[in-house]
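Here is a short walk through parts of one structure, with the sequence alongside. Please keep both in view while reading.

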Amino acid sequence: MERNEADSCPGVLRLHQAADGPLARIRVPGGRLAPGQLQALADATVELADGSIELTSRGNVQLRQVRDAAALEEKLTAAGLLPSATHERVRNIIASPLSGRVGGWADVHALVPALDAGLRDHPGLAELPGRVLFTLDDGRGDVSGLGGDIGIHAVDDGTFSLLLAGKDTGLRVPAAEAVDLMLAAAHAFLALRDGQWRVHEIPDGRAVLTEQLATHPGLTSSPDTVEVAARHDIPIGWLTQADGKVALGAGVRLGSLPARTAEFIAAIEHPVYLTPWRSIVITDLDEWTAEQVVRVLAPMGLLFDAASPWLQVSACAGLPGCAKSHTDIRADAAEAVESGRVIPGGTAQSPREGLDADEIVAAGRQHWSGCDRRCGRPRGAVTDIIATTDGYRIVPAE
């Protein structure tokens with residue numbers, strides 16, 4: 001399957017011309033934002049974009065309606081959010097958000113800076129497609145099922161399994177060699193690809209790469225493979241860390257974080273992690289501070305209740321951001337939540353067509369799409385609610 005079209009994934013230095021204006025995508029390896037970086041994003045979207053920070057399914061962020069690309073580049077560079085002009089779009093790294101604090105075998109966040117630096121240190125890896133995804137799972141299985149191209153999955157406190165195209169290869173590597181192995185896999189993918197964007201698109205790509213990597217130092221093999229499945233593990237609410245401190249998981253309605261809310265989060269002056277479920281985790285809080293954070297931020301719209309129907313719903317950009325959309329999909333999805341027509345719980349849906357927006361009642365996880373492309377759809381069992389020229393169509397989860 002040869003592909004000759006150019007890699008169009010947006011970044012900061014290559015904006016996407018959306019229907020509502022230029023869009024910038026900012027990579028946040030491991031999802032970690034220092035308070036000053038979050039404040040810089042809030043400042044940037046107020047001064048240079050539409051006033052919101054859009055969270056993505058890869059733990060990155062987007063700014064819409066960018067008015068001054070040069071000023072945005074300068075601001076993000078100063079905040080440490082654009083450390084490389086050549087490699088900015090290849091830094092797609094997801095790590096288990098709670099790793100090192102709540103559960104898991106190993107602290108994979110400790111490996112993120114080394115992987116990020118390794119990508120940037122190799123000039124050839126700037127040629128990786130912007131769609132390639134690296135995943136680091138601490139063994140709980142929350143990010144291995146996200147369909148990454150190159151991943152590691154902890155099988156004990158010092159050993160990782162290598163995943164390619166989202167599946168276990170059976171190769172095992174000690175923690176000290178894990179980053180080097182992932183970088184070797186990236187180089188091998190580049191040498192093997194013939195225009196393909198992702199590892200799973202290469203015929204027998206996973207098997208060929210596994211064979212090529214089998215001689216890497218320190219590798220062993222195991223017949224017991226890790227079972228990888230798509231999960232929807234949004235960490236929400238009060239989470240007690242191993243050190244006795246508190247992490248707060250907060251949902252963000254339709255993944256759009258207003259600048260004012262981001263400023264309040266930055267003012268807490270604690271590390272924040274973006275999750276691939278378009279939520280955030282505020283870490284290392286004492287109990288008194290955690291209580292005050294919930295009191296202030298819950299009225300501002302952050303979701304600390306795991307039963308909130310907002311956590312069941314995701315949506316594409318819709319109008320006015322996407323010219324292919326048939327409607328303002330986010331407004332319709334929000335109205336469905338606010339009117340009580342989104343029901344928590346996973347009861348089966350019936351396929352239906354030609355529905356007006358106010359006729360839709362749906363239970364469990366659901367993704368609202370402005371057209372049949374279903375952009376932004378999460379992995380796993382999700383009911384699709386799709387806008388068409390003749391109204392909405394419901395496609396039940398499989």
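**Strand E4 and its partners**

In this predicted model, strand E4 covers residues 52–55, with Ser52 and Glu54 pointing one way and Ile53 and Leu55 pointing the other way. All four of these residues, on either face, are buried.

Strand E4 pairs with strand E14, which spans residues 256–258. The two strands are antiparallel, and 3 bridges connect them. Within this pairing, Ile53 of E4 lies opposite Leu257 of E14.

E4 is also joined to strand E5, made up of residues 61–63. Here too the strands run antiparallel, and the number of bridges is 2. Leu55 of E4 sits opposite Val61 of E5. Together E4 and E5 make a hairpin, and 5 residues separate the two strands. In the turn of this hairpin, Gly59 has a positive phi of about 70°.

**Ile343 in strand E18**

Another place to look is strand E18, residues 342–343, which contains Ile343. Is Ile343 buried, partly exposed or exposed? Ile343 counts as partly exposed because its relative accessible area is 37%, a value that falls between the 20% limit for buried and the 50% limit for exposed.

Which residues does Ile343 touch, once neighbours within four places in sequence are set aside? Ile343 is in contact with Val361, Ala362, Ala363 and Gly364. Ile282 lies 61 residues from Ile343 along the chain, and 27 Å separates the C-alpha atoms of these two residues.

How values were computed: Residues are numbered from 1 along each chain as its sequence is written. This is a predicted model: local features need pLDDT of at least 70, side-chain atom pairs count only at pLDDT 80 or more; totals for chains, interfaces and linings use all residues. Side-chain values use heavy atoms; hydrogens and water are left out. Helices (H or I, at least four residues) and strands (E, at least two) are DSSP runs, numbered from the N terminus. Buried means under 20% relative accessible area, exposed over 50%, partly exposed in between (1.4 Å probe, protein chains only). Contact means heavy atoms within 4.5 Å. Two strands pair if DSSP finds at least two bridges between them.
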